[in-house]
Amino acid sequence: MIAGGSRFNKDIPPYTIADSYNKIHGINSIGLKRAGLDNARRLEIKRAFSLIYRNNQPFRVAAEEALKSEWEPEAREFFEFILSSKRGVCGTAGPRGDSEEME
């Protein structure tokens, strides 16, 4: 989901909420629920998000490491999207509102 009036020059990973300028705010939990994903799959997507956005590794390194484990198709899609990005992926809003990018 993307907020109106936003602009992006990087890729936005699936299942996320983005706004402003290249900022990811988290997982679109409501959209996932409306799409019919059960609680276990939604939690796994949240776990995948945390592995990428809540650690100190570059996004690509974190995604490569994560794919060494077993994941449901939605989480695998999330990691593979990050690895396939040519422009890089949007970061999260930092403590000062700046975009934190680990690329």
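# A guided tour of salt bridges, a helix face and ring pairs

Begin by selecting Lys-68 and Glu-65, whose side chains form a salt bridge with N and O 3.0 Å apart. The model on display is a predicted one. Colour the two residues by accessibility: Lys-68 is exposed at 63% relative accessibility, whereas Glu-65 is partly exposed at 42%. Glu-65 belongs to helix 3. From Glu-65, draw a distance to Leu-51, which lies 14 residues away along the chain; the C-alpha atoms are separated by 9.4 Å.

**Further salt bridges**

The bridge just selected is of a general kind. Side chains of opposite charge can pair when their charged atoms come close. How many salt bridges does the structure hold? The count is five.

Select Arg-41 and Glu-72 next. Their closest N and O atoms are 3.0 Å apart, and the two residues form a salt bridge. Because Arg-41 sits in helix 2 and Glu-72 in the loop between helix 3 (59–66) and helix 4 (73–84), this pair ties together parts that are 31 residues apart in sequence. Arg-41 is partly exposed, with a relative accessible area of 28%, and Glu-72 is likewise partly exposed, at 33%.

Move on to helix 4 and select Arg-76 with Glu-80. The two lie four residues apart, about one turn of the helix, and their side chains meet in a salt bridge of 4.0 Å from N to O. Arg-76 is partly exposed at 29% relative accessibility, and Glu-80 is partly exposed at 41%. Now add Glu-74 to the earlier selection of Arg-41 and Glu-72: salt bridges with shared partners join these three residues into one network.

**Helix 2**

Display residues 39–53, which make up helix 2. This helix has 15 residues and reaches 21 Å from its first C-alpha to its last, close to the 21 Å expected at 1.5 Å a residue. Which of its residues are buried? They are Arg-42, Glu-44, Ile-45, Ala-48, Phe-49, Ile-52 and Tyr-53. Turn the view to look down the axis of helix 2: the buried residues fall within an arc of 160°, so they line one face of the helix. An α-helix has 3.6 residues a turn, so residues three or four places apart point the same way.

**Aromatic pairs**

Keep helix 2 in view and show the aromatic rings; the structure has four aromatic pairs. For Phe-49 and Tyr-53, the ring centres are 4.6 Å apart and the planes meet at 25°; with an angle under 30 degrees, the pair is therefore stacked. These two residues are four apart in helix 2, about one helical turn, and both are buried.

Then select Trp-71 and Phe-79. Their rings form an edge-to-face pair, with 4.9 Å between centres and 70° between planes. Trp-71 and Phe-79 are both buried. Return to Phe-49 and Tyr-53 and add Phe-59: ring pairs link these three residues into a cluster.

**Ser-85**

For the last stop, select Ser-85, in the loop between helix 4 and strand 3 (91–93). Is Ser-85 buried or exposed? At 5% relative accessibility, Ser-85 counts as buried. Its side chain makes a polar contact of 2.7 Å with the side chain of Asp-11. Leaving aside residues up to four places away in sequence, Ser-85 touches Asp-11 and Arg-60.

How values were computed. Residues are numbered from 1 along each chain as its sequence is written. This is a predicted model: local features need pLDDT of at least 70, side-chain atom pairs count only at pLDDT 80 or more; totals for chains, interfaces and linings use all residues. Side-chain values use heavy atoms; hydrogens and water are left out. The expected span of a helix is 1.5 Å times one less than its number of residues. Buried means under 20% relative accessible area, exposed over 50%, partly exposed in between (1.4 Å probe, protein chains only). The arc is that of the directions from the helix axis to the C-beta atoms. A polar contact is a pair of N or O atoms within 3.5 Å; within protein, one must be able to donate a hydrogen and the other to accept it, and residues adjacent in sequence count only if both atoms are side-chain atoms. Contact means heavy atoms within 4.5 Å. Rings of Phe, Tyr and Trp (its six-membered ring) pair if their centres lie within 6.5 Å; planes under 30 degrees apart count as stacked, over 60 as edge-to-face and the rest as tilted.
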